[in-house]
Amino acid sequence: MEREFASDVAFTPAVKAIQEAKGSRRSYARMEESGGWQTAVTPDLVEYLSDLDMFYLGTANAAGQPYIQYRGGPPGFLKAIDEHTLGFADFGGNRQYITLGNLAENPHAFLFLMDYANSRRVKLWGTARVVEGDAALEKRLADPAYPGRVERAILFTLEAWDVNCPQHIHPRYSQRQIAPVIEQLQGEIAELKAEVKRLRGE
C-alpha cells in the first residue's frame with residue numbers, strides 16, 4: 001500500500017484522528033514533514049543490533065489475533081542482511097509454531113528491540129517470511145559458539161522504524177552484563193580476606 005509518510009504504517013487515519021483530539025497531531029505532522037521515520041537500515045541501527053541478545057517479535061493470524069514472542073540468542077544474532085532486510089536464526093523451542101503459522105497467512109510483523117540497561121527501545125514495522133532449508137543463510141545467521149540448534153531462518157523486510165522515548169523504562173541487566181562487575185567484586189573480597197588474615201597473623 002502506498003503511504004505518504006513512512007510513519008503512516010502506524011499512524012492510520014484512526015490514530016491521527018485520536019492524535020488530533022488529544023492535541024499531539026501538530027507535533028507529529030511536523031515530524032512527518034521534516035523527514036519522519038527511517039525506512040532503511042542505517043549504521044546506527046547496525047550498531048544497536050550488534051549488542052542485542054533479545055527482542056520481541058509480533059505477528060498476527062489472518063483473523064487479526066496478535067501474538068508476541070520473545071526471541072533470544074547470542075549478542076548480535078539479529079543481523080542486517082542488506083539495507084532493507086534483517087534476519088535471524090530460528091532456534092528450536094516448544095514446537096507450538098504459532099509465529100510460523102501466523103506468517104504463513106499474514107506476513108505483517110513487528111520487531112520491538114529493547115536495551116533495558118541503557119533505557120533504549122527501537123520499533124520496526126515490516127513483513128517477515130520463513131526460509132526453510134537454506135544452509136548458506138542459516139550458516140550466515142548462526143553463531144557456532146551458541147548452543148541453540150538452528151531450525152530455519154526468518155527474514156524481516158523493513159518498512160519503517162523509529163526510536164522510542166526512554167521514559168518509564170526500568171533498567172535491567174543481563175547476566176552477561178553484570179558478570180564482569182561480580183567478578184571484580186569477588187576479586188576485591190578475596191584480597192580483603194587475605195589482608196585480614198595477614199593482619200591477624202594467620
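Select Ile182 to begin: in this predicted model the residue is partly exposed, with a relative accessible area of 39%. Ile182 has its place in helix α6, which covers residues 175-200. Now add Tyr173 and Ile178 to the selection, and the display will show the three residues that make a nonpolar surface patch of about 280 Å².

From there, go to helix α5, residues 135-141, and pick out Arg140 within this helix. Is Arg140 buried, partly exposed or exposed? Its relative accessibility is 47%, and because a residue between 20% and 50% is classed as partly exposed, Arg140 falls in that class. To see what surrounds the residue, show Lys79, Ala80 and Ile81, with which Arg140 is in contact when its neighbours within four places in sequence are left aside. A distance label is worth drawing here, from the side chain of Arg140 to the backbone of Ile81, since a polar atom of that side chain lies 3.3 Å from the backbone oxygen of Ile81. A second label can join the C-alpha atoms of Arg140 and Ala89, which are separated by 8.8 Å although the two residues are 51 residues apart along the chain.

The next stop is Asn102, which lies in helix α4, residues 98-105. With a relative accessible area of 6%, Asn102 is buried, because the cut-off for that class is under 20%. Which residues does Asn102 touch, not counting those up to four places away in sequence? They are Thr59, Ala60, Asn61 and Tyr67. Of these, Thr59 deserves a closer view, for the side chain of Asn102 makes a polar contact of 2.9 Å with the side chain of Thr59.

Finally, switch to a cartoon view and select the strands β5 (residues 108-115) and β6 (residues 120-131), which run antiparallel and are joined by 8 bridges. β5 and β6 form a hairpin with 4 residues between them, and in the turn Ser119 has a positive phi of about 55°. To follow the pairing across this hairpin, show Met114, which stands opposite Arg121 in β6. On adding β7, residues 150-163, the viewer will show another antiparallel pairing, in which 10 bridges join β6 to β7. Here Lys123 can be highlighted together with Asp162 in β7, its bridge partner. While looking along the strands, bear in mind that in a regular strand the side chains alternate between the two faces of the sheet.

How values were computed:
Residues numbered from 1 in each chain as written. Predicted model: local features only at pLDDT ≥ 70, side-chain atom pairs only at ≥ 80, totals over all residues. Heavy atoms only, no water. Pairing = 2+ DSSP bridges. Helix = DSSP H or I, 4+ residues; strand = E, 2+ residues; numbered from the N terminus. Patch = residues over 30% accessible without salt bridge, like charges linked within 9 Å, V, L, I, M, F, W, Y side chains within 5 Å. Areas by Shrake-Rupley, 256 points an atom, 1.4 Å probe, with all protein chains shown as cover. Salt bridge = Lys/Arg side-chain N within 4 Å of Asp/Glu carboxyl O. Buried < 20%, exposed > 50% of the residue type's maximum accessible area, 1.4 Å probe, protein only. Contact = heavy atoms within 4.5 Å. Polar contact = N/O pair within 3.5 Å; in protein donor to acceptor, adjacent residues only side chain to side chain.
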